[in-house]
Amino acid sequence: MEHLVFRLYGAMASWGEVAVGGIRQSACYPSKSAIAGLLGAALGIKRSEETQQLELARGYCQAIKIVNSGILQRDFHTIQAPDSAGKFRYRTRRDELVVGCSRLGTILSQREYLADAQVLVALKATESAHWSLKDLAGALARPKFHLYLGRKAFPLSVPTAAHLIEAENFRHALDLYPLTDVLQYQLTWARQERWRPDDLHSQYYWEGDIEDFSQEDEQFSLGAVQQLSRLDEPLSRKRWQFQPRMEYHWRS
């Protein structure tokens, strides 16, 4: 079976979780909506084109392999903005500060990020897939819009290097991916194994059936698989609504 496998690495990344109050947490791997948004940007699909956005989310099953879990960072933010004034809308930032100066208030928030995290993403097309995996690979190589890792300030540090891989299942496809070092220096003190060593244990997340990931063997056991629920299945991009999605987790 054909799989599309590509990598996501950047100096910083933020994979949004459910936001409560002033804390914006980051997951340790990209969500379903994040991958759909990334593919949409590569294909040149705007956020307002809801039908195509939903086709991207529903037309492919995905699996994630965490190669480097990265370092969790947290920022403290202060944001100054006026409160709402009936049906009046502030058109620009200048309007907020000048017209709404008497209504200005300060919002405190904390935001999490991942530094030096790297993941592999595997996609498998379903019967309802609108674009072929070859089309997606070509779009990732020549994206129409800017590709970023959760926030516009976090661009990719290396190309996605998408590959079409024939494999029996997700695990086989992810493990066959020809991953190259981000740091390719010859000097011993500057090599990747010193500054960016891979995690001792790889973590995998996938959707679908357990059998879609791997057959049982000496390493993989069904008893070690954890079932999770994540609120990241796009329901409406215009209203920014999501629905729960079931997935599995296994650590090698």
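## What "buried" means here

A residue counts as buried when its relative accessible area is under 20%. Keep that cut-off in mind as you look at this predicted model, starting with helix α4. The buried residues of α4 are Leu133, Leu136, Ala137, Gly138, Ala139 and Leu140.

What lies over them? The cover for the buried residues of α4 includes the helices α1 and α2 (50–58), together with the strands β1 (2–9), β6 (60–68), β9 (118–125) and β10 (163–166).

## The chain as a whole

Now take a step back. The chain contains 6 helices and 13 strands. Its C-alpha atoms fill a box of roughly 65 × 50 × 40 Å along the principal axes. Of its 252 residues, 41% count as buried.

Contacts can also be sorted by how far apart the partners sit in the sequence. Among contacts in the chain with a separation of 6 or more, 75% are between residues 24 or more positions apart.

## Helix α1

Is α1 mostly covered or mostly uncovered? Helix α1 is mostly covered, with 10 of its 12 residues buried. The buried ones are Lys32, Ser33, Ile35, Ala36, Leu38, Leu39, Gly40, Ala41, Ala42 and Leu43.

You can also check the length of this helix for yourself. At 1.5 Å a residue, the 12 residues of α1 should span 16 Å, and the C-alpha atoms at its ends are 17 Å apart, so the two values agree. Just after α1 comes glycine 44, which has a positive phi, near 85°.

## Where α1 meets α4

Two packed helices are described by the angle between their axes and the distance between the axes. For α1 (residues 32–43) and α4 (residues 133–141), the axes come within 8 Å and cross at roughly 75°. That angle makes α1 roughly perpendicular to α4.

Which residues make the contact? From α1 come Leu38, Leu39, Ala42 and Leu43, and they meet Asp135, Leu136, Ala139 and Leu140 of α4. Sorted by class, the contact has 7 nonpolar residues, no polar ones and 1 charged residue.

## The seven-stranded sheet

Strands of a sheet pair through backbone hydrogen bonds, either parallel or antiparallel. Here, 7 strands form an open sheet with antiparallel pairing, in the order β10-β1-β9-β6-β11-β13-β12. The edge strands are β10 and β12 (226–236), each of which pairs on one side only. From one strand to the next, the twist averages 30°.

Let us follow some of the pairs. Strands β6 and β11 are antiparallel and share 4 bridges; lysine 65 has tyrosine 204 in β11 as its bridge partner. Two helices also pack on the sheet. Helix α2 touches β6 and β12, and its direction makes about 165° with that of β12. Helix α4 touches β1, β6, β9 and β10, and its direction makes about 20° with that of β1.

Moving along the sheet, β11 is joined to β13 (residues 241–251) by 4 bridges, again in the antiparallel sense. Glutamine 203 stands opposite arginine 251 in β13. Strands β12 and β13 are antiparallel too, and they pair over 9 bridges. One facing pair is arginine 230 and arginine 245, the latter in β13. The two strands form a hairpin with 4 residues between them, and tryptophan 240 in the turn has a positive phi of about 60°.

## Two residues to look up

Try finding leucine 54, which lies in helix α2. Why is leucine 54 called buried? Its relative accessible area is 12%, and the label applies because buried means under 20%. Leaving aside residues up to four places away in sequence, leucine 54 touches Pro234 and Leu235. Leucine 54 and glutamate 233 are 179 residues apart in sequence, with their C-alpha atoms 9.2 Å apart in space.

Next, find serine 202, in the loop between α6 (192–195) and β11 (203–206). Serine 202 is buried as well, with a relative accessible area of 17%. With residues up to four places away in sequence set aside, serine 202 touches Lys65, Ile66, Trp250, Arg251 and Ser252. Two of these names appeared earlier: lysine 65 is the bridge partner of tyrosine 204, and arginine 251 stands opposite glutamine 203.

Key
Residues numbered from 1 in each chain as written. Predicted model: local features only at pLDDT ≥ 70, side-chain atom pairs only at ≥ 80, totals over all residues. Heavy atoms only, no water. Axes fitted to C-alpha atoms, helices over the stretch in contact; angles between N-to-C directions. Parallel < 35°, antiparallel > 145°, perpendicular 65-115°, else oblique. Contact = heavy atoms within 4.5 Å. Nonpolar A, V, L, I, M, F, W, Y, C, P; charged D, E, K, R; others polar. Buried < 20%, exposed > 50% of the residue type's maximum accessible area, 1.4 Å probe, protein only. Expected span 1.5 Å × (residues − 1). Pairing = 2+ DSSP bridges.
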